[in-house]
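Good morning, and thank you for joining this meeting. I would ask you to look at the model with me as I go through a few of its parts.

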Amino acid sequence: MPFTKVDFTTGWKHPGTKTEDGGVLVGGKPNHYSKQFKNELIGFDMMIQPGNSWPGFVICDSDQMGDYTANDCYMIAFKNTFIEVQRFNQGKRTVVFGDEVG
């Protein structure tokens with residue numbers, strides 16, 4: 001299966017900025033990636049600061065410029081020790097998978 005390493009500094013509507021240690025700081029603005037992913041693995045390393053936030057990304061969004069809580073989409077959300085896969089159907093959220101990973 002092909003592997004794609006995601007670069008958060010290019011190809012995004014609101015690209016992140018590089019940090020001194022080589023990481024990328026991604027803000028809370030709605031973000032959209034210009035590339036369409038196919039049947040491939042997507043890899044990235046993540047450090048969540050502060051540790052109590054729930055960053056995530058949305059895929060297969062029915063309205064990329066709209067509010068995900070009113071759309072049809074999937075979301076993968078992270079917390080320091082948790083991961084969830086959520087499905088939104090006209091804004092109604094269902095947790096498809098959730099697990100403590102730490």
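Gln90 belongs to the loop between E7 and E8. The model before you is a predicted one, and the values I quote are computed from it. Is Gln90 buried or exposed? Gln90 has a relative accessible area of 67%, which is over the 50% cut-off, and therefore counts as exposed. Its phi is near 50°, a positive value in a residue other than glycine. As general background, most residues other than glycine have a negative phi.

Let us turn to the hairpin around this residue. Two residues lie between the strands of the hairpin formed by E7 and E8, where Gln90 takes its positive phi. Strand E7 covers residues 82–89, and strand E8 covers residues 92–100. The two strands pair in the antiparallel sense, over eight bridges. One of the bridge pairs sets Asn89 opposite Lys92 in E8.

Strand E7 also has a partner in E6. How many bridges do E6 and E7 share? They share seven, and the pairing is antiparallel. A hairpin of two residues joins E6 to E7. Ala77 has Glu84 of E7 as its bridge partner.

Glu84, then, is a residue of strand E7. With its side chain, Glu84 makes a polar contact with the side chain of Gln86, at 2.7 Å. If we set aside the neighbours within four places in sequence, the residues in contact with Glu84 include Trp54, Met75, Ile76 and Ala77. Among the others in contact with Glu84 are Arg93, Val95, Phe97 and Gly98.

A second residue of E7 deserves our attention, and that is Phe88. Why does Phe88 count as buried? Its relative accessible area is 4%, and buried means under 20%, so Phe88 meets the cut-off. Beyond the neighbours within four places in sequence, Phe88 is in contact with Tyr68, Thr69, Asn71, Asp72, Cys73, Met75 and Arg93. Phe88 and Val58 are 30 residues apart along the chain, and their C-alpha atoms are separated by 9.9 Å.

I move now to strand E6, residues 73–79. Why is E6 described as largely enclosed by the rest of the structure? The reason is that five of its seven residues are buried. Besides E7, strand E6 pairs with strand E5, residues 56–59, in the antiparallel sense over four bridges. Within that pairing, Phe57 stands opposite Ile76 in E6.

A word on the aromatic rings. Arg87 lies over the face of Tyr74, at 5.0 Å from the ring centre. How many aromatic pairs does a search of the whole structure find? The search finds zero.

Finally, the chain as a whole. The protein chain has zero helices and eight strands, so that every element in the order from the N terminus on is a β element. Of its 102 residues, 19% are buried. The chain exposes about 7600 Å², and carbon and sulfur atoms supply 53% of that area. Among contacts with a separation of 6 or more, 25% are between residues 24 or more positions apart.

To return to the starting point: Gln90 is exposed in the loop between E7 and E8, while Phe88 in strand E7 is buried. Thank you for your attention.

Definitions and conventions: Residues numbered from 1 in each chain as written. Predicted model: local features only at pLDDT ≥ 70, side-chain atom pairs only at ≥ 80, totals over all residues. Heavy atoms only, no water. Pairing = 2+ DSSP bridges. Polar contact = N/O pair within 3.5 Å; in protein donor to acceptor, adjacent residues only side chain to side chain. Contact = heavy atoms within 4.5 Å. Phe/Tyr/Trp six-rings, centres within 6.5 Å; stacked < 30°, edge-to-face > 60°. Lys NZ or Arg CZ within 6 Å of the ring centre and 35° of its normal. Buried < 20%, exposed > 50% of the residue type's maximum accessible area, 1.4 Å probe, protein only. Areas by Shrake-Rupley, 256 points an atom, 1.4 Å probe, with all protein chains shown as cover.
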